[in-house]
Amino acid sequence: MNNRFRLCIATFALIMLTACSEDDTQTASVDTSPAGPTPEQPARYETTQGSADVFVHLFEWRWPDIAAECEDFLGPNGYAAVQISPPQEHVQGPEWWTRYQPVSYKIESRGGTRAEFADMVKRCKAAGVDVYADALTNHMAGLGSGTGVAGTPYSDYSYAVPYEYDDFHHCGRYGTDTIADYQDLWEVQTCNLGTLTDLDTGNPAVQAKIAAYLKDLLSLGVAGFRLDAVKHVSHEEVSEYLALLDSKPFLFQEVIDRGGEPINGMDYVVNGSVTEFKYPIAMYEAFEDGQLGMLSDLNTRAGFLPADKAVVFVDNHDLQRGHAGGDSTLTYKNGERYDLANIFMLGWPYGYPKVMSSYVFENDQQGPPESSPVKGAACTEGWVCEHRRPSRVGMVAFRKATEAAPVTNWQAFGDEVISFGRGNKGHIVINNSEETVDGTFVTSMTAGEYCNVIAGGTAENDCNGSIVLVDDDGVLQISLAPMSAVAIHN
Ligand code: LAG
Ligand code: CA
């Protein structure tokens with residue numbers, strides 16, 4: 001008995017038993033063949049397009065390391081941009097989240113000095129990589145006093161921007177001013193997130209100071225911003241401070257919207273792109289719960305942002321450690337399933353995908369390693385560097401090569417195997433099961449030999465992966481190892 005996975009027998013037992021038992025290598029058969037199993041979704045499926053670009057979050061990387069990575073890796077491998085950790089001065093402490101408590105707008109942080117920051121932005125730009133700064137405009141530090149990492153003293157509602165007591169909201173609820181009722185829009189935007197002191201973002205003087213900070217970053221060459229926690233700032237107020245800028249940087253607004261609350265990601269689309277927090281849940285349901293077949297309707301799901309406005313990710317720095325409600329999230333700790341979800345994200349034309357690059361952590365508070373991820377034994381010593389994995393690199397190239405091509409030849413075989421093309425530009429098959437799948441898959445590709453870019457390398461040269469064959473009928477015949485994928489492109 002061979003150990004081939006009799007996928008069609010498992011899935012289509014009642015209707016297809018005869019066909020399958022005749023030839024178990026035809027397990028995932030061509031949809032046009034009268035003898036083959038019928039896919040569960042229509043063979044042709046078209047989506048609204050997403051971006052052809054990909055960016056990476058080098059979470060807690062220091063500026064000199066990011067500069068080197070732009071030159072040595074991100075630029076050469078086609079990453080369009082890098083999201084960096086917040087660059088402004090923050091409270092002291094080893095935890096990662098100290099970066100989310102600003103005490104001044106001085107560009108000096110655990111990431112490095114202002115000079116290092118400027119050098120990083122310049123070098124990344126020269127390498128063809130844009131820098132997106134994580135900008136905190138909703139709040140300053142948590143209540144308490146101390147000295148920031150650049151030596152600036154601060155105390156409750158008093159910071160060296162300068163901001164004083166009257167520059168903050170004091171919502172007057174619950175005796176603590178802390179948000180409690182997420183169904184109350186006014187409260188979510190006017191009370192404190194935890195004890196984080198909530199800026200009076202409707203106040204023109206505050207808006208001018210926020211804009212001055214963003215302009216300072218732009219003057220150093222930053223190309224865009226992640227606007228942190230803007231669910232807690234009204235979209236009108238975001239528009240107002242953005243109107244004070246002299247340029248229109250790329251923006252993605254962090255609005256945690258899983259539905260069921262009065263504030264929607266859609267409200268912020270007027271200002272630019274928005275994070276789609278329903279996307280990581282969809283990835284978890286598909287790849288962890290084994291529901292790959294459900295992915296075909298992703299672009300038209302109720303409540304999902306339009307494809308050209310959504311920033312998508314499998315996990316982010318909050319979700320991967322259970323913050324921001326991230327209990328159903330795939331991370332580097334989930335092994336191959338996590339990589340397959342990323343392969344799907346990069347292959348499917350919805351949104352602007354962000355690849356997470358993590359450091360190893362044991363608990364949700366732990367800060368980054370002391371070591372550099374690029375010096376010595378690079379990407380070891382506590383750094384995960386998912387962005388360097390061959391499958392990410394191969395799929396960054398796939399996404400570029402398949403730009404503007406709609407999804408075609410969608411086929412789902414049971415809950416764990418899907419196959420889809422991007423017109424005649426590329427094709428992907430994903431096996432999320434624990435079994436080997438031998439099958440034939442319909443593509444719109446020209447006949448010929450293709451490099452499986454999942455193992456890295458490119459279609460043009462240096463193919464590190466296996467070579468696969470598309471026959472004269474456009475059919476790809478492959479054997480997929482358990483938990484693996486094949487992606488080919490022109
Ligand atoms: C974000 N997006 O909306 C960031 O992605 C997220 O990482 C930030 O929270 C949050 N909003 C504020 O910028 C992180 C941690 C929080 C931490 C906060 C401030 O997930 O746990 O809060 O950064 O450092 C911590 C304590 C709270 C406390 C607060 C103020 O956990 O209990 O109230 O500090 O002292
Ligand atoms: Ca607020």
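A residue is buried if 20 or more other C-beta atoms lie within 10 Å of its own, with C-beta atoms placed from the backbone. Keep that cut-off at hand for these exercises on a predicted model.

**Exercise 1. Get an overview of the protein chain: what is its secondary structure, and what share of its residues is buried?**

Step 1. Start with the secondary structure: the protein chain has nine helices and 20 strands.

Step 2. Turn to burial: 54% of the 490 residues count as buried.

Step 3. Now look at contacts with a separation of 6 or more: 69% of them join residues 24 or more positions apart.

**Exercise 2. Decide whether Gln253 is buried or exposed, and find out what it touches.**

Step 1. Locate the residue: Gln253 belongs to strand 9, residues 250–253.

Step 2. Count and compare: Gln253 has 25 C-beta neighbours inside 10 Å, and the cut-off is 20 or more, so Gln253 counts as buried.

Step 3. List partners, leaving out residues up to four places away in sequence: Gln253 touches several residues, among them Leu227, Val230, Tyr268 and Thr275.

Step 4. Try a pair along the sequence: Asp134 and Gln253 are 119 residues apart, yet their C-alpha atoms are 10.0 Å apart in space.

**Exercise 3. Work out how helix 2 and helix 3 lie relative to each other.**

Step 1. Recall how such a pair is described: by the angle between the axes and the distance between them.

Step 2. Read off both values: the axes of helix 2 (residues 63–74) and helix 3 (residues 114–126) come within 8 Å and cross at roughly 10 degrees.

Step 3. Angles under 35 degrees count as roughly parallel, and therefore helix 2 and helix 3 are roughly parallel to each other.

Step 4. Look at who meets whom: residues of helix 2 including Trp63, Ile66 and Cys70 face a set in helix 3 that includes Phe117, Met120 and Arg123. By class, this contact has eight nonpolar, no polar and four charged residues.

**Exercise 4. Describe the open sheet of four strands, and explain why strand 13 and strand 20 each have a side without a neighbour.**

Step 1. Write down the order, 13-14-15-20, and note the antiparallel pairing.

Step 2. Find the edges: strand 13 (407–413) and strand 20 (484–489) each have a single partner strand, so one side of each lacks a neighbour in the sheet.

Step 3. Add the twist, which averages 5 degrees from one strand to the next.

Step 4. Zoom in on one pair: strand 14 and strand 15 are joined over six bridges, and Val417 has Asn431 of strand 15 as its bridge partner.

Terms used:
Residues are numbered from 1 along each chain as its sequence is written. Chains are lettered from A and ligands numbered from 1 in the order in which they are written. This is a predicted model: local features need pLDDT of at least 70, side-chain atom pairs count only at pLDDT 80 or more; totals for chains, interfaces and linings use all residues. Two strands pair if DSSP finds at least two bridges between them. Helices (H or I, at least four residues) and strands (E, at least two) are DSSP runs, numbered from the N terminus. Axes are lines fitted to C-alpha atoms, for helices over the stretch in contact, and angles run from 0 to 180 degrees between N-to-C directions. Angles under 35 degrees count as roughly parallel, over 145 as roughly antiparallel, 65 to 115 as roughly perpendicular and the rest as oblique. Two residues are in contact if their C-beta atoms, placed from the backbone, lie within 7 Å. Ala, Val, Leu, Ile, Met, Phe, Trp, Tyr, Cys and Pro count as nonpolar, Asp, Glu, Lys and Arg as charged, and the others, Gly among them, as polar. A residue is buried if 20 or more other C-beta atoms lie within 10 Å of its own, exposed if 12 or fewer, and partly exposed in between; C-beta atoms are placed from the backbone.
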